[in-house]
Amino acid sequence: MNDQAIILAIIYIALFLGVWYPFGSWYNRRIIKKYFKIIKNVFKNSELKKIGAGGLLISGSKMNSFKIYGIIVTPISRENPINWIVSYLAKRRDIMVFKGNLNKAPESSIEIINLKIGASKSIMKTIPKSWFKNSINHFIIYS
């Protein structure tokens, strides 16, 4: 190969990555806004805080059985197409975690697992069959 073809290929790759980055950032912001609208309708007195370039923290206090609660939404990185493809092939998806302090100790617990994520198979091996409660679409509920 000649040097001119290599330089041209590098320029095209740089242009592609330069165009992809704002599109990936915009798409992540759009996803975060969608999550926020859904959560804001459920948790009326919540407060929004941005975490880094693509994260979202929603917190509040005194909701039904919770003294305080927080929801962290972390989308996968879509700004870099290589990282996004690797994450997608590794079956990583956007993460939403809900944490809260209850007013009193719980009498039981419940967990919901998305069967489409990569870690679900190893989690399912650790759950006794007697704990299984229900399954809806590709989610399983156990307590």
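Colleague: Which strand is Ser61 found in?

Modeller: This is a predicted model, so to speak of local features we need pLDDT (the predictor's confidence in each residue, from 0 to 100) of at least 70, side-chain atom pairs count only at pLDDT 80 or more, and totals for chains, interfaces and linings use all residues. Residues are numbered from 1 along each chain as its sequence is written, and side-chain values use heavy atoms, with hydrogens and water left out. Helices (H or I, at least four residues) and strands (E, at least two) are DSSP runs numbered from the N terminus. Ser61 is in strand S2.

Colleague: Is Ser61 buried, partly exposed or exposed?

Modeller: Buried means under 20% relative accessible area, exposed means over 50%, and partly exposed is in between (1.4 Å probe, protein chains only). Ser61 has 36% relative accessibility, so Ser61 counts as partly exposed.

Colleague: Which residues is Ser61 in contact with, leaving aside neighbours within four places in sequence?

Modeller: Contact here means heavy atoms within 4.5 Å. With those sequence neighbours set aside, Ser61 contacts Asn45, Lys67, Ile68 and Tyr69.

Colleague: What separates the C-alpha atoms of Ser61 and Asn101?

Modeller: Along the chain, these two are 40 residues apart. In space, their C-alpha atoms are separated by 9.4 Å.

Colleague: Which elements give two or more residues to the largest nonpolar core?

Modeller: A nonpolar core is a set of buried Ala, Val, Leu, Ile, Met, Phe, Trp, Tyr and Cys residues joined through side-chain atoms within 4.5 Å. The largest one has nine residues: Ile32, Phe36, Ile39, Phe43, Leu56, Ile58, Tyr69, Ile71 and Val73. Two or more of them come from each of H1, strand S2 (55–63) and strand S3 (66–74).

Colleague: What does Ile39 touch, not counting residues up to four places away in sequence?

Modeller: Ile39 is one of the residues in that core. Its partners are Ile58, Ile71, Val73 and Met96.

Colleague: How many salt bridges does a search of the whole structure find?

Modeller: Side chains of opposite charge can pair when their charged atoms come close. To count, a side-chain nitrogen of Lys or Arg must be within 4 Å of a carboxyl oxygen of Asp or Glu. Searching the whole structure gives one.

Colleague: How many residues apart in sequence are the parts that Arg78 and Asp94 tie together?

Modeller: The side chains of Arg78 and Asp94 meet in a salt bridge at 3.3 Å, N to O. Arg78 lies in the loop between S3 and H2 and Asp94 in the loop between H2 and strand S4 (95–102), so the parts tied together are apart in sequence by 16 residues.

Colleague: Is Arg78 buried or exposed?

Modeller: Its salt-bridge partner Asp94 is partly exposed, at 22% relative accessibility. Arg78 comes to 10%, so Arg78 counts as buried.

Colleague: Which residues touch Ser87, neighbours within four places in sequence aside?

Modeller: Ser87 belongs to helix H2. With a relative accessible area of 11%, Ser87 is buried. Contacts, sequence neighbours left out, are with Ile76, Arg92 and Arg93.

Colleague: Where is confidence lowest in the chain?

Modeller: The mean pLDDT of the chain is 77, and 75% of its residues reach 70 or more. Where pLDDT is low, the predicted coordinates should not be read in detail. Confidence peaks in helix H2 (residues 81–89), at 89, and drops to its lowest mean, 60, in strand S7 (residues 139–142).

Colleague: In what order do the elements of the chain run from the N terminus on?

Modeller: The chain has three helices and seven strands. From the N terminus, the order is α-β-β-β-α-β-β-α-β-β.
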